[in-house]
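Subject: Structure handover

Hello,

Here is the structure we discussed. My notes follow below it.

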Amino acid sequence: MRRWVWRREWPDLRDVQELAIPAVLAADRDVIIAAATASGKTEAAFLPICSALLNNPGPGIRALYVSPLKALINDQYRRLDDLCEQLDIPVHRWHGDVAAAAKAKVFTQPEGILLITPESLEAMFVLRGPEVSRVFTSLGWVVVDEMHSFVGGERGAQLQSLLHRLELAVRRTVPRIGLSATLGDMAAAADFLRPGGGGRVRLIESNDRGAGLKLLVRGYVEVTPEEEVADEPVSSLAIADDLYEVLRGGNHLVFANRRGAAEYYADRLRAMSDARGVPNEFFPHHGNLAKHVREQVEEQLRSARPTTAICTSTLEMGIDIGTITSVAQIGAPPSVAGLRQRFGRSGRRGSPAELRIHVAEPEIAVTTPPTDQLRAELFQTVAMIDLLGERWFESSDLSGLHLSTLVQQVLSVIAQHQGAAPEQLWKALCGNGPFHRVDQKMFAQLLRDLGKAELIEQEPGGLLLLGPVGERIVGHYSFYAAFASSDEYRLVHGSRTLGTIPVLYPVMPGQLLVFAGRRWQVLTVDSASKVIELDAARGGRAPSFTGVAAEVRDEIRQRMRRWYESGAVPPYLDATARKLLAEGRDSYRRLNLAEAPVLAWGNDTVVFPWLGDRVLDTLAVWLTTAGLETSRDGVALSVSNCGPAELGHVVRRLLACDEPADVELAAAVPNTVVDKHDVHLGPSMRAYGYAKGHLNLPKAREVLKALAETLPLVDPDPIDGASVGRPEAPARGLPFAVVDLETTGFAPRRRDRIIEIAIVRLAPDGTVLSEWSSVVDPQRGVNASWVHGLTDADVVGAPTFAEIAHEVAAQLDGVVLVAHNLPFERRFLEAELERADLRLTSAAGLCTMEADRWLHGEGRRKLVDCLAAAGVEAGEPAHRALTDARMTAQLLRVQLPRLEAAGGCWTV
């Protein structure tokens, strides 16, 4: 080993390599090695492993290396083969492009080191399950490279399960070594590497901070043409011009966040080269390109020829592409960890990394939405750079249940053993396995769903076997991947396959498109074989590709807000970017977002919680279930056809109700089929999986509580800014009508209706005069049962509101209307009475929620909390109309003398 290091002319080992030697050789604990790209993590793991293999030779696969990419396996195979050839240690690789004869040797002569992807390891379990224990009986280490790419995702859950099953096969614990450059929360990463045993994982972090970073952020303004004549955005043309002028003549990477953008810029830069009569140096690189096309670009980068790859995340990881002079990023980076990975590809061998980020923002006009006025993409970029400087990275999200991958693993284990008992399956995968958040009750429901979908079937003795659908799924080559691949067509030019595209729009013969950095015309489309034949052409456009944007975390949005409220100007911004920064801050101040993160925009309300995508998605679902048309709009939420006051009434009503379970909210989401095998699960299991992996109810509730205090009771007049509300009417001496409603939702001017009403009439001194209540047929689905407990069956045969409207109007005539959150009840009563051609004549009203707030200064509280503060026992369960109306009447009787004594103006 020393001889190999000496021949490499290394003056010494790097810090992580020194620290890893005793930890790896001990082989008694799992280890995480965290260091920057190209800092020797692979050698940190394999130098001591190879040393141990030399001292203790023997048959069987002794070390298993798992990589997320076949290309990375090929690179590491070359590196390890160079090391192990002199040590007489065999190195094998196993993935879809490796010859069958080479794979067969792993089983006929298992020894040395095996490099593999999770998908190929899955195939090994399914196809050659009985032989797994023999091949790996002497396994001493498992090395997981680029570990950050697995954590929190379906492939990560699959990898955890495969490693656990491997240990079950060899009947002992095998030390695991995780390698990564960008791990945010080391404790969470340790829990991922060893589920349930993260506390014993040894963490080895490099103290080497590298040679620094040369950084420039260039800004662009997307000018809106007076007429729709521009085929290409002005900013894209300007970015392409800058890329050409700066990058030509060197080796660079340009990261586009979308494959379509990679194709666009590669085509544009090729056209610029052709127009200048010079050789093209710009080539696309993304996952839909054929293997030989990608490898050709990689080989050119390794050579001495000037080459720039316009790529997606395919070149983020440590594939050997030689020395890269600089990296460019188009648009805000997908994540802080991704930004670190990307610029880490340059600046090797002691030189600083070079990074240029190109950010375009739209021109501001009178109709520009608030989110665009804020220059949010630039501020997100600045926030990410700021967090990167503090060495903050997105933490590992281990909250998901990964039910789709659990389905895959259930089928895989059954296929491996030709059958499995339910109890053994649960114990292996859930009880003592990586899916430990799935209890026995949930697992039983999952098995029932799979049985109903004919993926599995059960023998009379209880043994589970693959069903007819399950056999087809497991027998298909796509089964081994935990992620779904879209239905794609192969693009062919002559005898060469260029790659694949998802057909997201009709493709017709004669159509023009851009692919592999060139322009093509469609000759034929064969739907049966899914082949599109192409010929060279002069025009075209980049195809659309599917893909999911990275989730923006809370810390990034909070840091953005800090930059809006700061006066500092980062030194790495060019003149246009500085101008955009100033414009964003001006808009932030003009919109008064520092004081009130809510604003009216036309007929809509825009809310700025300054939190991550998961919280925004949860709020959007919650408000949508309340009947409001809510959508995520970048950094904000947009509530359509709803003013701030109306939104406030709905929010306060939501908070007055018992909090729904996240599963109840998820059940209202129409698209809970997110991952590959979700389609085989029933609605309840899909909702449960969606809730745990995509919603954050506690933080969403905190946002609603803050909004309840911020949103107005009445909207200001659009002309003079004065509050628009009801004039006060004399109320002394009038009786009270305490009202409580249960509704299908929270938006009376849309489709939501009253499903139960109760009215308790009180004399001016608080004496109960009468009680009246009725269930109401809403003539639509009940919904929101988690609030009131009523179902569709409960309203069958009940009167419609039109049939009781005159009784309601008579009960409310000549009274002071009282409710807990009065504006909400008043709006529903007005809407229902208007449908019956009647009016709500009660002008005066009293809101017990606002009265409590005025008396105690404790904010807006639930009815039961107000009663508790007043010393009144709530008694019966809440959220049936008559029960709540009685409780509100009790609270009113306590409040009346206190309001009179305080001299408060209590009519609204």
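Is Asn-592 buried, partly exposed or exposed? At 40% relative accessibility, Asn-592 counts as partly exposed. The classes are these: buried is under 20% relative accessible area, exposed is over 50%, and partly exposed is in between, with a 1.4 Å probe and protein chains only.

Two ground rules. This is a predicted model, so local features need pLDDT of at least 70 and side-chain atom pairs count only at pLDDT 80 or more, while totals for chains, interfaces and linings use all residues. Residues are numbered from 1 along each chain as its sequence is written, and side-chain values use heavy atoms, with hydrogens and water left out.

Positive phi

Most residues other than glycine have a negative phi. Asn-592 has a positive phi, near 60°. Asn-592 sits in the loop between α21 (575–590) and β21 (598–601). Helices (H or I, at least four residues) and strands (E, at least two) are DSSP runs, numbered from the N terminus. Trp-610 is not a glycine either, and its phi is positive at about 55°. Trp-610 lies in the loop between β22 and α22. At 2% relative accessibility, Trp-610 counts as buried. Asp-837, just after α29, also takes a positive phi, about 60°.

Aromatic pairs

A search of the whole structure gives twelve aromatic pairs. The centres of Tyr-564 and Trp-610 are 5.5 Å apart and their planes are at 50°, so this pair is tilted. The cut-offs: rings of Phe, Tyr and Trp (its six-membered ring) pair if their centres lie within 6.5 Å; planes under 30 degrees apart are stacked, over 60 edge-to-face, and the rest tilted. The Tyr-564 and Trp-610 pair links distant parts of the chain, 46 residues apart. Tyr-564 is in helix α20 (residues 554–564), and Trp-610 is in the loop between β22 (604–607) and α22 (613–625). Both Tyr-564 and Trp-610 are buried. They belong to one aromatic cluster with Phe-379, Tyr-588 and Phe-608.

Phe-824 and Phe-828 make another tilted pair, at 5.0 Å centre to centre and 50° between the planes. Both lie in helix α29 (residues 822–835), four residues apart, about one turn of the helix. Phe-824 and Phe-828 are both buried.

Two arginines sit over rings. The charged end of Arg-93 is over Tyr-77, 4.4 Å from the ring centre. Arg-276 lies over the face of Tyr-244, at 4.6 Å from the ring centre. The test is NZ of Lys or CZ of Arg within 6 Å of the ring centre and within 35 degrees of the ring normal.

Helix α29

Why is α29 described as largely enclosed by the rest of the structure? Twelve of its 14 residues are buried, so the description follows. Among the buried ones are Pro-823, Glu-825, Arg-826 and Arg-827. The buried residues of α29 pack against α23 (644–656), β25 (736–743), β26 (754–762), α28 (801–811), β28 (816–819) and β29 (845–847). Contact here means heavy atoms within 4.5 Å. The length of α29 agrees with expectation: at 1.5 Å a residue its 14 residues should span 20 Å, and its end C-alpha atoms are 20 Å apart. The expected span is 1.5 Å times one less than the number of residues.

Strand β25

Eight of the eight residues of β25 are buried, so this strand is largely enclosed by the rest of the structure. Phe-736, Val-738, Asp-740 and Glu-742 point one way. Ala-737, Val-739, Leu-741 and Thr-743 point the other way. β25 pairs with β26 in the antiparallel sense over eight bridges, and Asp-740 has Ala-758 as its bridge partner there. Two strands pair if DSSP finds at least two bridges between them. β25 also pairs with β28, in the parallel sense over three bridges. Val-738 stands opposite Val-818 in β28.

Strand β1 and Ser-206

Both faces of β1 (residues 31–34) are covered. Val-31 and Ile-33 are buried on one side, Ile-32 and Ala-34 on the other. Four bridges join β1 to β7 in parallel, with Ile-33 partnered by Ile-204. β1 also pairs in the parallel sense with β6 (residues 176–180) over four bridges, where Ile-32 is partnered by Gly-178.

Ser-206 is in the loop between β7 (202–205) and β8 (213–222). Ser-206 is buried, at 8% relative accessible area. The side chains of Ser-206 and Asp-15 share a polar contact of 3.2 Å. That term means a pair of N or O atoms within 3.5 Å; within protein, one must be able to donate a hydrogen and the other to accept it, and residues adjacent in sequence count only if both atoms are side-chain atoms.

Best wishes
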